[in-house]
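I opened this one up to jot down how the pieces sit together. Notes are in the order I looked.

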Amino acid sequence: MSAATIPAQREPDLPGQIVVVIGGSAGIGLETARRARAEGARVILTGRNRDRLDQAAREIGAERIAAFDANDATQLESFFQDLPGLIDHVMVTAGTPHYRSPLEVPPEEARHDLTEHLLLALNVARSAAGRVKPTGSLTFMGGTGARRPRLGLAIVASVTVAFPALIANLALELAPIRVNLIAAGFVDTPLSASLLGENLDRRRDELRETLPIRRVVGPADVATLAVHIMSNTALTGATYDIDGGQQLVS
Ligand SMILES: NC(=O)c1ccc[n+]([C@@H]2O[C@H](COP(=O)([O-])OP(=O)(O)OC[C@H]3O[C@@H](n4cnc5c(N)ncnc54)[C@H](OP(=O)(O)O)[C@@H]3O)[C@@H](O)[C@H]2O)c1
């Protein structure tokens with residue numbers, strides 16, 4: 001068959017599969033849900049704010065929502081127990097990084113900041129284990145921004161280094177379910193807007209000028225990677241960087 005006669009259309013990547021997005025009402029999670037829908041998936045969205053979830057669910061045609069704090073292990077466990085049947089994939093985008101000065105954080109808060117994101121992954125893995133099909137996957141979100149030591153980043157940096165090790169080990173524990181991590185640089189989402197405040201536009205301009213890709217990474221870029229990780233059954237235990245080359249220049 002010549003190149004000119006190859007059909008342009010292809011089969012969807014996730015036909016009829018069920019994708020749960022923990023943190024699916026905004027940003028990377030919402031875009032991943034949208035992308036999964038476009039690839040034929042049925043999606044279930046969770047988040048803390050019910051109104052935001054309702055709106056997101058209407059926007060993309062989600063079939064179910066659940067409002068709870070994913071850092072509450074009991075509610076997380078109940079959510080997975082209450083699912084009507086087995087699911088195919090879980091994407092976890094809940095949680096926020098803790099950028100507090102390490103020497104000023106009181107001990108209990110330091111313990112919280114050091115453990116919250118890792119415990120969320122562990123709790124999702126434990127709660128989802130019996131609910132995800134053997135052919136399915138778990139995908140988590142981490143970052144690249146704290147890989148190099150910088151003042152004020154000690155806590156985020158420690159979590160950044162620990163996360164890939166946790167994910168690789170969970171991939172062994174949960175096999176044949178696949179477990180992977182996406183490590184993003186700056187992504188233009190509501191979270192970035194809230195962290196940067198009035199400096200957001202300046203940061204966008206700076207990135208457009210300095211990143212090798214000459215544009216800002218958006219949530220749809222990360223969503224494309226997430227859906228690929230769900231559908232490519234060769235991928236497990238790995239960390240996938242997506243930062244437009246930010247680590248090469250900053
Ligand atoms: N944006 C970036 O530049 C960037 C870079 C590297 C890594 N990341 C990581 O990627 C993930 C997603 O980031 P994003 O920028 O898409 O964030 P976002 O725009 O703030 O969206 C986060 C989503 O998760 C939900 N959520 C947050 N905390 C939750 C909790 N405790 N329980 C349940 N749902 C929760 C939010 O809804 P509710 O607030 O209603 O709960 C929202 O739907 C985060 O873990 C972030 O640290 C982001």
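Below are my entries on the sheet, the helix packing and the ligand shell.

**Ground rules.** This is a predicted model, so I keep in mind that local features need pLDDT of at least 70 and side-chain atom pairs count only at pLDDT 80 or more, while totals for chains, interfaces and linings use all residues. Residues are numbered from 1 along each chain as its sequence is written.

**Sheet.** I traced an open sheet of 7 strands with parallel pairing, in the order E3-E2-E1-E4-E5-E6-E7. Strands here are DSSP runs of E, at least two residues, and helices are runs of H or I, at least four, both numbered from the N terminus. Two strands pair if DSSP finds at least two bridges between them. E3 (64–67) and E7 (239–242) stand at the edges with a single partner strand each, so one side of each has no neighbour in the sheet. Neighbouring strands are turned by 15° against each other on average, direction ignored. I then checked one pair: E1 (residues 18–22) and E4 (residues 87–92) run parallel and are joined by 4 bridges. Val-19 has His-89 of E4 as its bridge partner.

**H3 on H4.** H3 (residues 73–82) packs on H4 (residues 107–128) at about 30°, with the axes 9 Å apart. Axes are lines fitted to C-alpha atoms, for helices over the stretch in contact, and angles run from 0 to 180 degrees between N-to-C directions. The two helices are therefore roughly parallel (angles under 35 degrees count as that, over 145 as roughly antiparallel, 65 to 115 as roughly perpendicular and the rest as oblique). From H3, Ala-73, Leu-76, Glu-77 and Phe-80 meet Asn-123, Val-124, Ser-127 and Ala-128 of H4; contact needs C-beta atoms, placed from the backbone, within 7 Å. I get 5 nonpolar, 2 polar and 1 charged residues there. Ala, Val, Leu, Ile, Met, Phe, Trp, Tyr, Cys and Pro count as nonpolar, Asp, Glu, Lys and Arg as charged, and the others, Gly among them, as polar.

**H4 on H5.** The axes of H4 and H5 (residues 154–174) come within 10 Å and cross at roughly 20°, which means H4 is roughly parallel to H5. The contact includes Leu-114 and Leu-118 of H4 and Phe-163 and Leu-166 of H5. By class this contact has 12 nonpolar, 2 polar and 1 charged residues.

**Ligand.** Which residues are closest to the ligand? They are Gly-23, Gly-27, Arg-48, Thr-189 and Leu-191, out of 30 that surround the ligand (a residue is near if its C-beta atom, placed from the backbone, lies within 6 Å). H1 (27–38), E2 (42–47), E5 (132–143) and H6 (190–196) each give two or more residues to this shell. The shell's classes are 12 nonpolar, 15 polar and 3 charged.

Note on methods:
Two residues are in contact if their C-beta atoms, placed from the backbone, lie within 7 Å.
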